[in-house]
Amino acid sequence: MQFHHHGYVSGDPRIKPAAGVGINRPEELPEEVDVLIVGSGPAGMLTAAQLSQFPDITTRIVERRGGRLEIGQADGIQARSVETFQAFGFAEAITAEAYRITEMAFWRPDTENPQNIVRGGRALDDTVGISEFPHLIVNQARVLDYFAEVAANSPTRLTPDFGWEFQNLEVTEEGEYPVKVTLVRSAGEDTGTTRIVHAKYVVGADGARSKVRSAIGCTMAGDQANHAWGVMDVLASTDFPDIRLKCAIQSHDGGSILLIPREGGHLFRMYVDLGVVPEGDNGAVRKTSIEQITEQANQIIHPYKLEVRNVAWSSVYEVGHRLTDRFDDVLPEDIGTRNPRVFITGDACHTHSAKAGQGMNVSMQDGFNIGWKLAHVLEGRSPESLLATYSAERQIVAKNLIDFDKEWSTLMAKKPEEFENPSDLEDFYVRTAEFPAGFMTEYAPSMLTGTPTHQELATGFPLGKRFKSAMTSRVCDTNPMHLGHHATADGRWRIYVFADPAAPGAESPVAELAQWLATSTESPLAATPQGMDLDAWFDVKVIYQQKHEDIDINAVPSVFKPEVGPFKLTEYEKVYGVVEDNDIFDVRGLSRDGVMVVVRPDQYVANVLPLSATDELAEFFAQIHAELPKKATA
């Protein structure tokens, strides 16, 4: 975290000074906004938190509830999400209060006495070092609280507008604010009154029954639900020995349970198999009582017993897998002729079972994807055509998620005798660990992702996949740190320059690249508007092959040490060396001749290029950036 470069800060440095539209922000919902977000769930709140970092963009988020969510249905936080929390500044805080999954136990019928269950195996949650971040369990409501805090402490002082329900919208394509949205007051003294808001863009994050989705004519398609599960968050007395361990429990004839310990040391969640829903049920299974769910759970965990003392929340749901035909308001026949104005995220465009722990996690990545893109278009950094990449990228991710969840939920519902091998469920869990951890997303080549022409120069940073951090040593203060952990959700592109063997000060490809970046009119840095810090839009870092003690920081080119803030202070924290016995060049398969790795604002690798490929770098950013010829002062 950096502060003091604008002057001494005596308070909490996480609370940024109000700026732009955050100064004297109106309490009342305005009639005109740049972005209107509908729904304050995970996708909506992350989108809001991202947009809140841009002082000149008016963003409002409306929610039909009268206040904050008190208890949410989702609770699984995958490592990719914790990595995202790191970028927003609260990974450490939320980890401290969460339950951390390090191991999973698999229970199955005792071969000698099938009416009883026995522990059949254990599996480490991350056996191959997929991520340095943990797999957590924490209530969705707390995740929303943290994003709300980020937004409220941002320059725009963004807070949700509670008590407004979306009714409909119309895209007029007229004027500066072409989306006309009708809202109805759903809480407060003026309940029932309507209000019209005109927006440049609308993001629908309003859940599985999304009215925004209906308003733009998107259709959901997929499997009908035919298997029911009772879910309960409870405080209970039990002699089941693994009650504080994530478990998949298969009984002989009573069905299955997925057990998820919750934060706080006592609460836990059980997904209890209620079996196949018969035709003509007409929703009767949803009336299953908590007593019936508890009775079924006791049958499954026999010979152990469970006595529920308190119920925090319970529900019954039927597994269904559904996906919308598109994630924005552009009809297939209009693709390429107009740019989208309305987007849908999260459950509004993909639904699936809860047992893979993916709903909230994938929804947040939807929000991360669209948030920075809207900001760049609204600020004039990028052309509107950038917005079409949201639906193109995220629909494929959702399809892959549904395919995975079908397989996992089918395995969870199987009877033990239907498996060829008793360890099949455990084997699947271990074999597919990277997918549920959130790291299998791989965006295809597009205006945002280059082709793998030079992938062999950085085999550990696959194009289209998230930038997987590794240890480095920061030269200025000698601190060992993960390179990726210095990248915050500030909307900047990252250019990581992994140097050739030469030390700073010598003639080298890195020295030539640094000169081009700082002075060429073709350099992406040349797009930075006059008056802004040189690193306002691009965070350019250099990683040398030497250890920190062998690097003369005064010899490092100035483009890697830009002057920032009103006092033009030198930024020293962009220069790194390698860590002995954990060399990032070896760990991530980086060419010793040097390589550039370009990373998007949402942490996905966009391009891999040789140090000499300045023309290719310029060409890549030319299609992403609008014409902004003025260059910042170096």
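Angles between helix axes under 35 degrees count as roughly parallel, over 145 as roughly antiparallel, 65 to 115 as roughly perpendicular and the rest as oblique. In the predicted model described here, the axes of helix α2 (residues 79-88) and helix α7 (residues 359-378) cross at roughly 40°, and α2 and α7 are therefore oblique to each other. The two axes come within 10 Å, and the crossing of α2 and α7 is left-handed. On the α2 side, the contact is formed by R80, S81, T84, F85 and F88, and on the α7 side by N361, M364, Q365 and F368. By residue class, the contact of α2 with α7 comprises four nonpolar, four polar and one charged.

A second helix pair involves α1 (residues 42-51) and α4 (residues 140-152), which pack at an angle of about 15° with their axes 8 Å apart. Since angles under 35 degrees count as roughly parallel, α1 and α4 are therefore assigned to that category. The crossing of α1 past α4 is left-handed. Helix α1 contributes P42, M45, L46 and A49 to the contact, while α4 contributes Q140, L144, F147, A148, V150 and A151. The residues of this contact of α1 with α4 comprise nine nonpolar and one polar, with no charged residue among them.

Strands of a sheet pair through backbone hydrogen bonds, either parallel or antiparallel. One open sheet consists of three strands in the order β12-β18-β20, and its pairing is antiparallel. Strands β12 (220-223) and β20 (350-351) occupy the edges, each with a single partner strand, so one side of each has no neighbour in the sheet. Strand β18 (residues 321-324) is joined to β20 by two bridges, and the two strands run antiparallel. Within this pairing, L323 has H350 of β20 as its bridge partner.

Antiparallel pairing also links β21 (residues 471-474) to β22 (residues 480-482), through three bridges. In this pair, T472 is placed opposite M481 of β22. Strands β21 and β22 form a hairpin with five residues between them, and T478 in the turn has a positive phi of about 65°. Strand β21 is also joined by two bridges to β27 (residues 575-577), and these strands run antiparallel. The bridge partner of R474 in β27 is Y576.

Most residues other than glycine have a negative phi, and most peptide bonds are trans. Against this background, several backbone features of the model may be noted. E173, which is not a glycine, has a positive phi of about 60°. This residue, E173, is located in the loop between β9 (164-171) and β10 (179-185). With a relative accessibility of 44%, E173 counts as partly exposed. K568 likewise has a positive phi, near 50°, in a residue other than glycine. The position of K568 is in the loop between β25 (563-564) and β26 (569-570), and at 39% relative accessibility K568 counts as partly exposed.

A cis peptide bond connects H302 to P303, with omega near 20°. P303 belongs to the loop between α6 (290-300) and β17 (306-318).

Definitions and conventions: Residues are numbered from 1 along each chain as its sequence is written. This is a predicted model: local features need pLDDT of at least 70, side-chain atom pairs count only at pLDDT 80 or more; totals for chains, interfaces and linings use all residues. Side-chain values use heavy atoms; hydrogens and water are left out. Axes are lines fitted to C-alpha atoms, for helices over the stretch in contact, and angles run from 0 to 180 degrees between N-to-C directions. Helices (H or I, at least four residues) and strands (E, at least two) are DSSP runs, numbered from the N terminus. A crossing is left-handed if the near helix is turned anticlockwise from the far one by less than a right angle, and right-handed if clockwise. Contact means heavy atoms within 4.5 Å. Ala, Val, Leu, Ile, Met, Phe, Trp, Tyr, Cys and Pro count as nonpolar, Asp, Glu, Lys and Arg as charged, and the others, Gly among them, as polar. Two strands pair if DSSP finds at least two bridges between them. Buried means under 20% relative accessible area, exposed over 50%, partly exposed in between (1.4 Å probe, protein chains only).
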